[in-house]
Amino acid sequence: MGDEHEKEPSSKNVDLLDVMERDGKRLTEEDPKKEGSIRLRKKNKKAKKQDSKESLSETPESGKEPGKKKQKGKKSGATLRLIALGYKIQQIFITGFQGVKQPAQSFFRSITKDKYRASTDVYALMFLTDVIDFVIIIFGFWAFGKHSAAADIASTLSEDQVPEAFLVMLLIQFSTMIIDRALYLRKAVLGKLIFQVVLVVGIHLWMFFILPAVTERMFSQNFVAQLWYFVKCIYFGLSAYQIRCGYPTRILGNFLTKKFNHLNLFLFQGFRLVPFLVELRAVMDWVWTDTTLSLSDWMCVEDIYANIFIIKCSRETEKKYPQPKGQKKKKIVKYGMGGLIIFFLICIIWFPLLFISLVRSVVGVVNHPIDVTVTFKLGGYEPLFTMSVQQQSIKAFTAAEYDELTQTFGDNAVAMQFITLYSYEDIVTAMIEGSSGSVWRISPPSRQEVIKELLGSPVDLTLRLAWTFQRDLGKGGTVEHTFGKHSIDLEPGNPVRAELASLLIGNRTEPVLVPNMFPSYMRAPNGAEAKPVSQLYKDDEGDYQNITLSLMSDRSPNSSGNQEWWDIAIANCDPAACSVLPMVIFNDKVSPPSLGFLAGYGIMGLYVSVVLVIGKFVRGFFSEISHSIMFEELPCVDRILKLCTDIFL
């Protein structure tokens, strides 16, 4: 019994060593060349024999102390089992790590160091997808913010307000385009791979985690974000294809200049018209391209190459569509091309007059005043009379009233010429109350000063009538308030001065007559100055209506103090209508809001800012052509084109 207990642990030890030896052999056979792998020490056969002899020699002694040996064997067996378990776990982790490491390492090595791949160039398509995403951000900005669902970026920018989120998104998109161009020029495949990984991780985090949290909308409910992400996925596919195939060895010129046809020529000319795009591309190419040229020389070569490309396209067109010499041009060409040019030039010449006429007659909008304010002042003192009327007191003209007006001025050709420019829909009558809308608040010292100046001042004293018309800009037009004034000078000795002084002193209660003070016919133009209609007055200001001024007061016991105000009435008026000052206003039609930016210039402004500028631009096509014949009429530009290509190489 004691011998069996002694042999049991030793047999377990031998079995465990055999398992470890077999695992070590298998590991060394799978990867014999790896220096960093774990090597197991093998025990030779002599060591095994010695161990077995020692175990046999210890048998008599173990019989003497069977309890201690049994306990020791159990402890050694448990320890060996734990060591074996730890070893197996270690082998599992090493095998898993090697299984992930080796494919990834071979994948990146084949991408960055493969000598037999066929290089390609899809940068133009990648740039196109970036431009589309740029446009989506501009016109679909409302889909990328929480409180901008109803925001219009055009109106926001017109108010000189730039949303921070919109600016950050545009800058990030533009920066990625710049980085992509730099990697393309440097042919850095490894840099492009790192940039691709960063973009993929960053955009997916933003699209599926950050953006839904900001907008409080799921990605599946945001159509603009889905469209942007779809275009970006196309970009990712093109980038992956570019990384797998590698960048081309030589990058020559603009991708639009690869072919010499009308489409490439049209696109290239449009590319050159974009502000700063040609300069930005040329400087970037110079910065990230290995060259011995200075920046000025590089720009010179770029300009030569662009002009040679345009001439080459013209020569190719002449080859495809040859024109026989000595043959006159067909009428369809002359009347088609020449007729369109003539029509265009005539329209430009007459554009201001035609536009203003159309605004007044066809597309013009009737915009009546919504507020009319009249103020009457004596010198520089507190206004005597202030009254405002709103829409309920501004009555539109009727057809009968318009006919009556034409009959009144039927014998005046100048007046009729003006009246016929307007229809009854353009005319309103402002019914201004004769009593001031505010109390005359003047201090006693100022009142005494007014009386003193009226009676004894040797200088003229001015009576001034001012009016203000307010329009609704939402209906059209460019000016909201129009102003005008009429004044007369009361020279020393004028009876009006003495009568006004008597009113202020209290010696007079009858109204004071002020001649030729109130113009009853006004014109409200598109501009900021409203004037009386001089065509309806034969004697100009001498035909203005006479008015009467009355100082009213309230001395009733219920009133707090003595309150005074002024009343104005038309002289010799009908007693039933004396409490109202009628003002007939002729309103010019205003341009609709969509054409307000042009109508605001006026006829002379349009001629100066539009016609002369376009005329100078057109003159550039028809003048100084002879100076460029030796360059633009080269019969063959292939040699110069080859020289430019060689310089790029």
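**A loop serine, an open sheet and a nonpolar patch**

Leaving aside residues up to four places away in sequence, S438 touches T386 and W565. In this predicted model, S438 sits in the loop that runs between β4 (427–433) and α16 (444–456). Its relative accessibility comes out at 37%, so S438 counts as partly exposed, given that this class spans the range between under 20% for buried and over 50% for exposed. S438 also pairs up a long step in sequence with a short one in space: W566 is 128 residues away along the chain, yet the C-alpha to C-alpha distance is 8.9 Å.

β4, the strand on one side of that loop, belongs to an open sheet of five strands, ordered β3-β4-β12-β8-β9 with mixed pairing. The edges are taken by β3 (394–396) and β9 (531–532); each has a single partner strand, so one side of each is left without a neighbour in the sheet. For β3, pairing with β4 is antiparallel and runs over three bridges. Within this part of the sheet, K395 stands opposite T429 in β4.

Turning to the surface, a nonpolar patch is built from I332, V333, M337, I341, F344, L345, F617, F621 and F622, which together offer about 970 Å² of accessible area. Two or more residues of the patch come from each of α13 (331–361) and α19 (602–622), and α13 gives the largest share, six residues. One of the patch members, L345, lies in helix α13. With a relative accessible area of 33%, L345 is partly exposed, and it passes the patch cut-off of over 30%.

Note on methods:
Residues numbered from 1 in each chain as written. Predicted model: local features only at pLDDT ≥ 70, side-chain atom pairs only at ≥ 80, totals over all residues. Heavy atoms only, no water. Helix = DSSP H or I, 4+ residues; strand = E, 2+ residues; numbered from the N terminus. Buried < 20%, exposed > 50% of the residue type's maximum accessible area, 1.4 Å probe, protein only. Contact = heavy atoms within 4.5 Å. Pairing = 2+ DSSP bridges. Patch = residues over 30% accessible without salt bridge, like charges linked within 9 Å, V, L, I, M, F, W, Y side chains within 5 Å. Areas by Shrake-Rupley, 256 points an atom, 1.4 Å probe, with all protein chains shown as cover. Salt bridge = Lys/Arg side-chain N within 4 Å of Asp/Glu carboxyl O.
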